[in-house]
Amino acid sequence: MSEKKTDILVWGQMHASLMQNLERDYSVHKLADINDIEAWADQHGTQVRGVVTSGVFGTDNAILDRLPNLEVVNSFGVGYDAVDTQYLSRRGIKLSNTPDVLNNAVAETAMALMLCVSRRISEAERFVRAGQWPNGKFPLGNDLCGKTCGIVGLGKIGKTIAKRAAAFEMNIAYFRRGRPYDDVSYRHYGDLRELAQDSDYLIVIVPGGPDTQHLIDADVLRALGPKSFLINVARGTVVDEKALVASLLASEIAGAGLDVFDDEPNVPAELLKLDNVVLTPHIGSGTYETRQAMADLVFANVKGYFEKGTLVTPVEL
């Protein structure tokens, strides 16, 4: 008689190869296919030992309450602000994420947004497609070379962004509460408004959650000023979106490149009308190579935990 496979609840649509691996080695339950969670939990809840989710889907404590033998949550993505870590800690449930493997892709997205908004690439393409080129020249954009790139959050992704911005001969500065990092020579700011005031481009790459809720507020945007741009590849909650809309409409900042929003996939209608705003649908890690690496790491975490009792990339709770 074959050994019973470990039961895992998958929270939402996942990478195809990850699902193939999970369904091969485990007994997989898909939350999307469950119509009555209470009835399902009465029958299967005690069997579930693992959850696979993502930074987008997160978890719901009311559902987790119905999984009394849950041991581990494995999340597809580096951010885990959609997971109640205090809840997991109280129950002794482990958590993993997928750090490092998406650093390059997110950094490239940040650079793409910065280039796009500064050189008005999206606007220029619309200009050509609309047949306007024969009617006159397209307006000028802005150089990156020689400008100051202020980075809000100099973690692993932030440092990767800094290297790429430095290759464009930009001056790098960063905001960090408290003392500066010992291993970087970039200029440190302990006051976010001062960094904004001195930056031509302010790139936001901090974790989401209560500690960074509306970190970029109206005061920071006013400090950024009418010749400077905001780039957000972090979480939509980090920016006060209403203040950002007001700032853009009042020309208090020069423009913005936004990959994340407060109420995804809903984007404020005002932003859709602005030519000086570049909008992308949360594609920071959206490359074939990176998503495959993330899928592989999630599966390695699942396999490592259930075979060896250890996670490859555990989150300290």
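Student: At what angle do helix α1 and helix α12 pack, and how far apart are their axes?

Tutor: Good place to start. Keep in mind that this is a predicted model. Helix α1 covers residues 16–25 and helix α12 covers residues 288–308; they pack at about 20°, with axes 9 Å apart.

Student: How do I put that angle into words?

Tutor: Angles under 35 degrees count as roughly parallel. The pair α1 and α12 is therefore described as roughly parallel. As for handedness, α1 passes α12 in a right-handed crossing.

Student: Which residues make the contact?

Tutor: From α1 come Ser17, Leu18, Asn21, Leu22, Arg24 and Asp25, while α12 supplies Gln292, Ala295, Val298, Phe299, Val302 and Lys303. Sorted by class, the contact of α1 with α12 has six nonpolar, three polar and three charged residues.

Student: Let's turn to empty space. How many cavities of 30 Å³ or more are there?

Tutor: A cavity is a space where a 1.4 Å probe fits but cannot get out. Here the count is one cavity of 30 Å³ or more. The largest cavity holds about 50 Å³, and its lining consists of Asn232, Gly236, Val239, Glu241, Leu244, Leu258 and Val260. Four of these lining residues are nonpolar, two polar and one charged.

Student: And what lines the second largest pocket?

Tutor: A pocket, by contrast, is an open set of points. The second largest pocket contains about 260 Å³ of space. Its lining has 14 residues, with Gly55, Val56, Asp81, Arg235 and Glu264 nearest the centre. By class, that lining splits into four nonpolar, five polar and five charged residues.

Conventions:
Residues are numbered from 1 along each chain as its sequence is written. This is a predicted model: local features need pLDDT of at least 70, side-chain atom pairs count only at pLDDT 80 or more; totals for chains, interfaces and linings use all residues. Side-chain values use heavy atoms; hydrogens and water are left out. On a 1 Å grid over the protein atoms alone, a cavity is a set of points where a 1.4 Å probe fits but cannot get out, and a pocket is an open set with protein on both sides within 12 Å along at least five of seven lines; lining residues have an atom within 4 Å of a point. Grid points are joined across faces, edges and corners, and a volume is the space filled by probe spheres set on the points. Ala, Val, Leu, Ile, Met, Phe, Trp, Tyr, Cys and Pro count as nonpolar, Asp, Glu, Lys and Arg as charged, and the others, Gly among them, as polar. Axes are lines fitted to C-alpha atoms, for helices over the stretch in contact, and angles run from 0 to 180 degrees between N-to-C directions. Helices (H or I, at least four residues) and strands (E, at least two) are DSSP runs, numbered from the N terminus. Angles under 35 degrees count as roughly parallel, over 145 as roughly antiparallel, 65 to 115 as roughly perpendicular and the rest as oblique. A crossing is left-handed if the near helix is turned anticlockwise from the far one by less than a right angle, and right-handed if clockwise. Contact means heavy atoms within 4.5 Å.
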